[in-house]
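Got the viewer open? Let's take a short walk along one boundary between two parts of a protein, picking out pieces as we go.

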Amino acid sequence: MTKFRAKLTFILILLIGCSMLIAGVFMAKVLEDSHIEALQDNMERELKVILATGEWNRVGTDSELITYYTIQAKRIKASTEARLTFIRADGRVLGDSDQNPEQMDNHLNRPEIAAAASSGVGYTTRYSDTLKEKMLYAAIPVKIGEQTTGFLRIAMSLSQVDQSIRSLWYFLITGLAILFIIAGIVSYRIAKGITRPIEKMTRVAKQITNMNYKSRVPSYSNDEVGQLGQAINHMSESLQQQMERIQENERRLQGVMENMVSGIMMIDREERIMLLNPSAEYILGFSAQELLGKKYNEAKQQYEFTKLIQECIETREPIRDEMIFYYPAERILEINLNPIAHEDEEWSGVLIVLHDITAVRRLERMRSEFVANVSHELKTPIAAVKGFAETLLAGALNDKETAVSFLQIIFDESERLNRLIGDILELSKIESKRIPMQFSPVYLPEFLEKSLSVLRKEAEKKHIELSMHVDDDIYIEADEDRLRQILINLLSNGISYTQDGGKVRVRVEPLDMNADGDYERLRIIVSDTGIGIPKKDLPRIFERFYRVDKARSRSSGGTGLGLSIVKHLVELHKGTIRVDSEVGMGTKFTIELPVIH
Ligand code: ADP
């Protein structure tokens, strides 16, 4: 039971008890009074009967009279059971049913006698010294004509009255006790009725404090308490909605943070790291666990980076910088630092955004290197053309034989230049993905036959055996022109880098074949028995302009772009290419392509 309920019950019991007590006292008083009044009436009537039926004006000596009146009084007492006293007009007691009149003092001053003398009847309630109990006295005058000759007084013990008042009290107390218990139960129930909803509301409020927003107060009534309950429910509902909205926002923000490519790091007013998204963890090579809560200058970060944060904190200005990081791997990072300012406060931290621009910078470097390479590659044939043309102009034209050989060189070099420019254009087209792929089913046996026939003449010149091995029913979905470009590039390399009498082969194998003879991938292998590629050069041969042996490549008319074009075309087909080679034994290019696009 709660304090409030106990208090309420106590107050209710007190109220009910007090009102019952007051009512009881009042009732007892009224009862006593009416009892006494009835008794007085009775006594007056009795006195009048006694007065009327007896002889109260006798004449004689005092002792005669005393004897007479005493006998009278005793006789009457025998039938009325009430003490009777006869008092002469001067106050002397002449007869008494219970006492010897000789020993009794003058009664003229007794209040009942005085009242009887003045108003015809007198009553008193008093404690009788003679009888040692509370008595009710009633007196009337005895008259002859207008002359008062004496007084008749009757006295009754009030013990009976007291007795009935006592039993009244007894009933009252018993009733009161029962009523008290009932009042207690009723009070408790009433208090419970009032406090239960309040207790429930308190519970709900506590649950809300503990973030249980689903808790509701059951509806009780439409009174103030009920309305309070409804208000609490509304509050709880609104809190729940707001919390859900906040959580939803938080989830969204979390999602953004977690899926962002850029690294995000936040430093609060106390210069502690308070936020680190997964990208930032990855870029910086530290887990959030290691860094969160640490001061930015205590986290083991690159010195320049720490300096940059410090600068931003000191100047409160946005800073942008690029920096090379060496841990966990060498990277170029773009760092953006922004002081965070809220409306109400001037400054609350620094937001750091990290971009890994290593790839961008590498690409830029490659581009500029490519331009340098292209210029260099173009310069050589142009220098040759220019040089031989100059020599011819200077007079070599007169020597016909030399002139023809020079012109042949000029022709070859311009051819080379043409090829080079063609390859460069092709490569840039493929790289920029300007031309969309045109996939169509390609029947490989026929396709290979055609591709080989293009190179057959060249192979025959070097007595190289050109052969193919492919099953009858092999199809692939591919961009036919580009697939041909791949094959011709590889085969012509094979022919170029193989000595006279060697062999160049193409072989096609279906991969991941199932029971029905369907296959998901194809492997195309172009192998030769040529000079091979040294191990150290293998990782680089797909780079632009990379050649193992410049002189040799030149003599074979190579541009150094063939393999990088092949690699790009294979990737456009979502395939892979790899090379295996051994110097002096031969080279093997393996391409794997998906069959369906
Ligand atoms: P190139 O026009 O010089 O042939 P590629 O890009 O086609 O340029 O090839 C790059 C280099 O790889 C060649 O210069 C050559 O050194 C080497 N190479 C390519 N194919 C073969 C092969 N089948 N056998 C030996 N070396 C090869």
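## Where domain 5 meets domain 6

Start with the C-alpha centres of domain 5 and domain 6, which sit 27 Å apart. To find them, select 361–431 for domain 5 and 439–594 for domain 6; the bounds come from an automatic or database domain assignment. Residues are numbered from 1 along each chain as its sequence is written. Keep in mind that this is a predicted model, where local features need pLDDT of at least 70, side-chain atom pairs count only at pLDDT 80 or more and totals for chains, interfaces and linings use all residues, while side-chain values use heavy atoms and leave out hydrogens and water.

Next, show the contacts (heavy atoms within 4.5 Å): 16 residues of domain 5 touch 15 residues of domain 6. About 1,500 Å² is buried between the two domains, with 57% of that from carbon and sulfur atoms. Buried area here is the accessible area (1.4 Å probe) that two parts lose on being put together, summed over both. Now pick Arg-416, Leu-427 and Ile-430: in domain 5 they lose the most area to domain 6, together 36% of what that side buries.

Which side chains should you click for a salt bridge? Try Glu-377 and Arg-547, which meet at 3.1 Å, N to O. Two salt bridges are counted between these domains (a side-chain nitrogen of Lys or Arg within 4 Å of a carboxyl oxygen of Asp or Glu).
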